[in-house]
Amino acid sequence: MAVLDEAQVRDQVKEGVDQETVDAVREVGGAYKYGWETDIEMEYAPKGLTPDIVRLISEKNEEPEWMTNWRLEAYERWLTKEEPDWAMVDYPEIDFQDQYYYARPKSMEVKPKSLDEVDPKLLATYAKLGIPLKEQMILAGVEGAENAPAEGRKVAVDAVFDSVSVGTTFQKELMQAGVIFCSISEAIREHPELVKKYLGSVVPVSDNFYATLNSAVFSDGSFVYVPPGVRCPMELSTYFRINAENTGQFERTLIIADKGSYVSYLEGCTAPQRDISQLHAAVVEIIVEEDAEVKYSTVQNWYPGDENGKGGIYNFVTKRADCRGDRAKVMWTQVETGSAVTWKYPSCILRGNESQGEFYSIAIANNYQQADTGTKMIHLGKNTRSRIVSKGISAGHAQNTYRGLVSMHPKAKDSRNYTQCDSLLIGDQCGAHTVPYIEVKNNSSRVEHEATTSKVDDDQMFYCRQRGMDEEEAVALVVNGFCKDVLQALPMEFAMEAQQLVAISLEGSVG
Amino acid sequence: MLEIKDLHVDLEEETKTILKGVNLSVEAGKVHAIMGPNGSGKSTLSYVLSGRDGYEVTKGSATLEGEDLLEMEPEERAAAGLFLAFQYPVEIPGVGNMTFLRTALNAQRKARGEDEMSAADFLKMVREKAKNLKIDADMLKRPVNVGFSGGEKKRNEILQMAVLEPKMCILDETDSGLDVDAMKLVAQGVNALRDADRGFLVITHYQRLLDHIKPDVVHIMADGRIVKTGGPELALEVENNGYADILTEVA
């Protein structure tokens, strides 16, 4: 009986969270919350992209020669590449010479030795974003985190502001567990052997136009190494903030989970509200060795442009995980509510036998946003498993495309994939598209694909309203229900934030 | 409680008149039944009263405790105490039954300027009410009406009614798709809610539901009007002779 009661209490809390979300959604205004900018003195590299700029970025980061050469080689490759045009997105031509490729707060010229030395303006920026750069517990009860353990929990943060990392929390404590968590520029200086071995090994320099561009000009990003057998003692996260105008952000993330290790990593992104679009082209590489597991969650909330489609971030991102060892596991979870244009396909290479890849995605496009996103599951090893759950929500004049590849190679015997893509349309001016590519080159593998498209229908709305909910509340409830599979895969705090985002970006799209 | 005067309603999409002057008054504490052949306008009346889109009121009025229902949004009518048990309850995937109920209840309380109910109090209250309708914990957790049998859906409607405690309950063909046992359970649920402050309007095609929910007044509706009003015996007359006799009689 006691056991039963406990289970019931848990249910009660869960239900409670959902309710609070709905309430929070009602209280939050419809506008983009993170559109303000930080008034801070910046130092820019000259506009445009030349070998000199590449050298300058490398020099600013005090990189060794091999790194500079690696970049220059990427730059040469980039010159020969063409911007891809197969995605279902439409935007004016980008003038790559009319951008700043490096922008750093002046106060970061001398790298702060500890968080105490970081420019208060920068600390205030992150505090305002709700990401305090302090080594403090995230207390239970905050934002309805009723499920969190009572003693609170820790999340280590690396904060990237335009082109540089301004600080990383809990580094010492992580180091005690053997976990390296620092900015990639620091890793290049302090752990060159690891960077040399792994950088570009999952996403090769010449992988695609944007990845090649990133390889040439990436200025900072995060680096994680979890040694064999270590379960990372806290969640790691990176918070990306674009602040400078006409500046592209090109960050690079490299995560290495050695044999039998585990890490959960979160990524968040926001940018000020501006009329002119800005470019963001990131690369994330994850290496998962034997029996290791990595969870990578993203809540992407870049400025999406205004209601007429003016401004917003162009988000061209290459994310890939390589399950190198047997029984390696990787899980991508993403909630994409921001950006004017999204081009992003977090992928899994399932090389090890019995390795597993999972992809959970919610992409919400409102107003004139365009999202072309999905995943690639490349099954190379035997008995590999992959699972794709993608939910696309379109409102206003937005276009939302799921594009996914499932590839079963000849040696990937007895492998399985399950794909479920659902689209939800709100209103009649928007579009949803599903573009699955499936290649099976052996007889024993199984691929399942399910796709549905539905509308938030008038019957559901009326039913909710007859029971007393207003329109916004009703849509929030129905859409959250639709997104549930994905939201459940997110870490707690992110799930809360994501649920709110889901509702906010749909606000005003009813009727 | 509910006052309907000379209500005329057209379909919005096509020029078709469905209600042609309905007059009806349901007092607090009373159960009124509306019976009538298919297409007589019974369900339309329930939709118009609850504020569903697609209908245009061309004439007449409908008030709940003196407040003009027709001026209100559907959720305002709900907060004012109007409840409709749907003939075809709607499925909402991914939304737990409890979440739905609590969101609805708190929305109504908020609209009325009352405090929200705490998770613990709410849970206790729902469990109590669910038990009477033989709704188990599993059904409370499952997504709203998804995969529910016909009987479960209707019991769920009555549970919502019990939780929201409306002043005026409209039941639209609640007996459709129910076997005898399920109907008894639903009727018990409704009877438990009968009290001096609450009015009921039970819309049904058949008399059998009225064996279990004893009406005070029975109305016969045909071609958009109430053509005959009487006591419970009127329902029996329908049962024995069908609608044809009555309709001929009033024609």
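Select strand E2 (103–105), strand E3 (155–161), strand E4 (164–168) and strand E7 (235–241) of chain A: these strands are among the elements that cover the buried residues of H4(A). The model is predicted, and this tour starts at that helix before moving outward to both chains.

**Stop 1: helix H4 of chain A**

Now select helix H4 itself, residues 120–128 of chain A, and display the side chains of A:Leu122, A:Thr125 and A:Tyr126, which are buried. Seen down the axis of H4(A), these buried residues fall within an arc of 90 degrees, so they line one face of the helix. The spacing has a general background: an α-helix has 3.6 residues a turn, so residues three or four places apart point the same way. Rotate the view to the other side of H4(A), where A:Pro120 and A:Lys128 are exposed. After the helix, select A:Gly130, which follows H4(A) and has a positive phi, near 85 degrees.

**Stop 2: chain A as a whole**

Display all of chain A. How many helices and strands does the secondary structure of chain A come to? There are 11 helices and 24 strands. Chain A has 511 residues, of which 55% count as buried. Consider next the contacts in chain A between residues at least 6 apart in sequence: 83% of them join residues at least 24 apart.

Two annotated spans can be coloured separately. For residues 171–231 of chain A, an unreviewed UniProt entry gives "domain: SUF system FeS cluster assembly SufBD N-terminal". This span, residues 171–231 of chain A, is 48% helix and 15% strand, with its end C-alpha atoms 15 Å apart. For residues 240–482 of chain A, UniProt (unreviewed entry) places "domain: SUF system FeS cluster assembly SufBD core". Residues 240–482 of chain A are 9% helix and 54% strand, and the C-alpha atoms at the two ends are 28 Å apart.

**Stop 3: the nonpolar core**

Select A:Val224, A:Ile286, A:Val288, A:Val294 and B:Ile170. Within the largest nonpolar core, a set of 217 residues, these five touch the most other members. The largest share of this core, 10 residues, comes from H10(A). In soluble globular proteins, nonpolar side chains tend to be buried together.

Centre the view on A:Val224. Which residues is A:Val224 in contact with, leaving aside its neighbours within four places in sequence? They are A:Ile180, A:Phe181, A:Leu236, A:Ile255, A:Ile256, A:Val263 and A:Tyr265.

**Stop 4: two loops of chain A**

Move to A:Asp291, in the loop between E11 and strand E12 (293–300) of chain A. Although A:Asp291 is not a glycine, its phi is positive, at about 60 degrees. Is A:Asp291 buried or exposed? A:Asp291 counts as buried because it has 21 C-beta neighbours inside 10 Å.

Then select A:Arg327, which is found in the loop between strand E13 (313–323) and strand E14 (329–336) of chain A. A:Arg327 is not a glycine either, yet has a positive phi of about 55 degrees. With 18 other C-beta atoms within 10 Å, A:Arg327 is partly exposed.

**Stop 5: where the two chains touch**

Show both chains together. The contact takes 25 residues from chain A and 32 residues from chain B. On the side of chain A that touches chain B, the elements that give two or more residues are helix H1 (2–27), helix H9 (458–466) and helix H10 (471–487). H1(A) gives the most, with eight residues. By class, this side of chain A has seven nonpolar, eight polar and 10 charged residues.

**Stop 6: chain B**

Select residues 2–248 of chain B, where UniProt places the feature "domain: ABC transporter" (unreviewed entry). The span of residues 2–248 of chain B is 40% helix and 29% strand, and its end C-alpha atoms lie 29 Å apart.

Within chain B, select B:Ala137, found in helix H5 (residues 137–141). B:Ala137 counts as partly exposed because it has 14 C-beta neighbours inside 10 Å. Add B:Arg127 to the selection: B:Ala137 and B:Arg127 are 10 residues apart in sequence and 7.8 Å apart in space, C-alpha to C-alpha.

**Stop 7: confidence**

Finally, colour chain A by pLDDT. The average for chain A is 84, and 88% of the residues score at least 70. Confidence is lowest in H1(A), at a mean of 40, and highest in strand E11 (residues 283–288) of chain A, at 98. In residues 1–30 of chain A, pLDDT stays under 50. Residues 138–151 of chain A also stay under 50. Where pLDDT is low, the predicted coordinates should not be read in detail.

Technical notes
Residues are numbered from 1 along each chain as its sequence is written. Chains are lettered from A and ligands numbered from 1 in the order in which they are written. This is a predicted model: local features need pLDDT of at least 70, side-chain atom pairs count only at pLDDT 80 or more; totals for chains, interfaces and linings use all residues. Two residues are in contact if their C-beta atoms, placed from the backbone, lie within 7 Å. Helices (H or I, at least four residues) and strands (E, at least two) are DSSP runs, numbered from the N terminus. Ala, Val, Leu, Ile, Met, Phe, Trp, Tyr, Cys and Pro count as nonpolar, Asp, Glu, Lys and Arg as charged, and the others, Gly among them, as polar. pLDDT is the predictor's confidence in each residue, from 0 to 100. A nonpolar core is a set of buried Ala, Val, Leu, Ile, Met, Phe, Trp, Tyr and Cys residues joined through C-beta atoms within 7 Å. A residue is buried if 20 or more other C-beta atoms lie within 10 Å of its own, exposed if 12 or fewer, and partly exposed in between; C-beta atoms are placed from the backbone. UniProt positions are given in the numbering used here, feature names are shortened, and annotations may be inferred rather than shown by experiment. The arc is that of the directions from the helix axis to the C-beta atoms.
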